[in-house]
Amino acid sequence: MATWSNLGLQDSASPLMEQLNFFHDHTLLILIMITILVGYLMFMLFFNKFTNRFLLHGQTIEIIWTILPAIVLMFIALPSLRILYLLDEINSPAITLKTIGHQWYWSYEYSDFLNLEFDSYMVPTNELETNGFRLLDVDNRIVLPMNTQIRILVTAADVLHSWTIPALGVKVDATPGRLNQTNFLMNRPGLFFGQCSEICGANHSFMPIVLESSPTNYFIKWITAMNSN
């Protein structure tokens, strides 16, 4: 989760988020290089005393500053398209989780496990435990196994929502009457927090997402206990 003075992206918990982090650094480096070059040229332009009385046109420099940005854009566009296609790829998922957005809570269905389903509400501040996270903790967390391909199907029951967990690089719009899907793989255990990132009404800020990534044997114990209840 994001903490105080965390100016960069969160540490990745999936291969896709790792690739998004690399792309962010790659693009930022290109932007820094362009900013330094343009800043240097503007500085030299303001403070030098040189003039050229015979300058009428500069076809060579115009060709250079037309072609060079096109080449730079290619260096940004090609990795971007690669990640875009990777995000849409579905790789034989082992588990399917169905997510339904409501005003203002989430419902989850584990259709592979006797249609286990539950609602997930934010824990109010006055009911929060000592070690709980205010405005982020929920009463029923999602539990999923790590190192497993997981498909998530997302829809909404009323208005537009968006199921988003930054550490996993997942953001799926929940649209009424439409089923969207994506997949992810968590490569480490942990607790990952997210929120609805589509303005969905008065309590839009109060429908957090908490995902618990656990080893497979712990997940099996959890799903068995939930089904027995």
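**Core, sheet and salt bridges of a predicted model**

Biologist: Which residues touch the most other members of the largest nonpolar core?
Modeller: This is a predicted model, and its largest nonpolar core holds 32 residues. Those that touch the most other members are Tyr-110, Ile-142, Leu-144, Trp-163, Leu-168, Phe-184 and Leu-211.

Biologist: Which strand gives the most to this core?
Modeller: The contribution is counted in residues, and the top strand supplies four. That strand spans residues 150-156 and is E5.

Biologist: With which residues is Phe-184 in contact, leaving aside its neighbours within four places in sequence?
Modeller: Phe-184 is among the core residues that touch the most other members. Two of its contacts outside the sequence neighbourhood are Thr-148 and Gln-149. The others are Leu-144, Ile-150, Ile-152, Trp-163, Leu-168, Val-170 and Leu-211.

Biologist: In what order do the five strands of the open sheet stand?
Modeller: The pairing in this sheet is mixed. Strands of a sheet can pair either parallel or antiparallel, through backbone hydrogen bonds. The order of the five is E3-E2-E1-E5-E8.

Biologist: Which strands stand at the edges, and why is one side of each left without a neighbour in the sheet?
Modeller: An edge strand here has a single partner strand, so its other side has no neighbour in the sheet. Two strands are in this position, one covering 116-120 and the other 180-184. They are E3 and E8.

Biologist: By how many degrees are neighbouring strands of this sheet turned against each other on average?
Modeller: The figure is an average over neighbouring strands of the sheet, and direction is ignored. It comes to 20°.

Biologist: In which sense do E1 and E2 pair, parallel or antiparallel?
Modeller: Strand E1 takes in residues 95-102 and strand E2 residues 105-110. Ile-100 stands opposite Ser-107 in E2. Six bridges join E1 and E2, and the sense is antiparallel.

Biologist: Which residues are linked with Arg-141 in a network of salt bridges?
Modeller: The whole structure has three salt bridges. In one, the closest N and O atoms of Arg-141 and Asp-137 are 3.2 Å apart; in another, Arg-141 meets Glu-212 at 3.8 Å, N to O. The network therefore joins Arg-141 with Asp-137 and Glu-212, both distances being within the 4 Å limit.

Biologist: How many residues apart in sequence are the parts that Arg-141 and Glu-212 tie together?
Modeller: Arg-141 lies in the loop between E3 and strand E4 (142-145), while Glu-212 belongs to strand E10 (residues 209-214). The pair therefore ties together parts whose separation in sequence is 71 residues.

Biologist: Is Asp-137 buried or exposed?
Modeller: Arg-141 is partly exposed at 29% relative accessibility, and Glu-212 is partly exposed at 28%. Buried means under 20%. Asp-137 has 8%, so Asp-137 counts as buried.

Biologist: What is the N to O distance between Asp-173 and Lys-171?
Modeller: Asp-173 is partly exposed at 32% relative accessibility, whereas Lys-171 is exposed at 51%. Their side chains meet in a salt bridge, and the distance is 3.5 Å.

Biologist: What does UniProt list for residues 92-225?
Modeller: In an unreviewed entry, UniProt places "domain: Cytochrome oxidase subunit II transmembrane region profile" on residues 1-91, a span that is 69% helix and 0% strand in the model. Residues 92-225 are 7% helix and 43% strand. For residues 92-225 the unreviewed entry gives "domain: Cytochrome oxidase subunit II copper A binding".

Technical notes: Residues numbered from 1 in each chain as written. Predicted model: local features only at pLDDT ≥ 70, side-chain atom pairs only at ≥ 80, totals over all residues. Heavy atoms only, no water. Pairing = 2+ DSSP bridges. Axes fitted to C-alpha atoms, helices over the stretch in contact; angles between N-to-C directions. UniProt positions renumbered as here; feature names shortened; annotations may be inferred. Buried < 20%, exposed > 50% of the residue type's maximum accessible area, 1.4 Å probe, protein only. Core = buried A, V, L, I, M, F, W, Y, C linked by side-chain atoms within 4.5 Å. Contact = heavy atoms within 4.5 Å.
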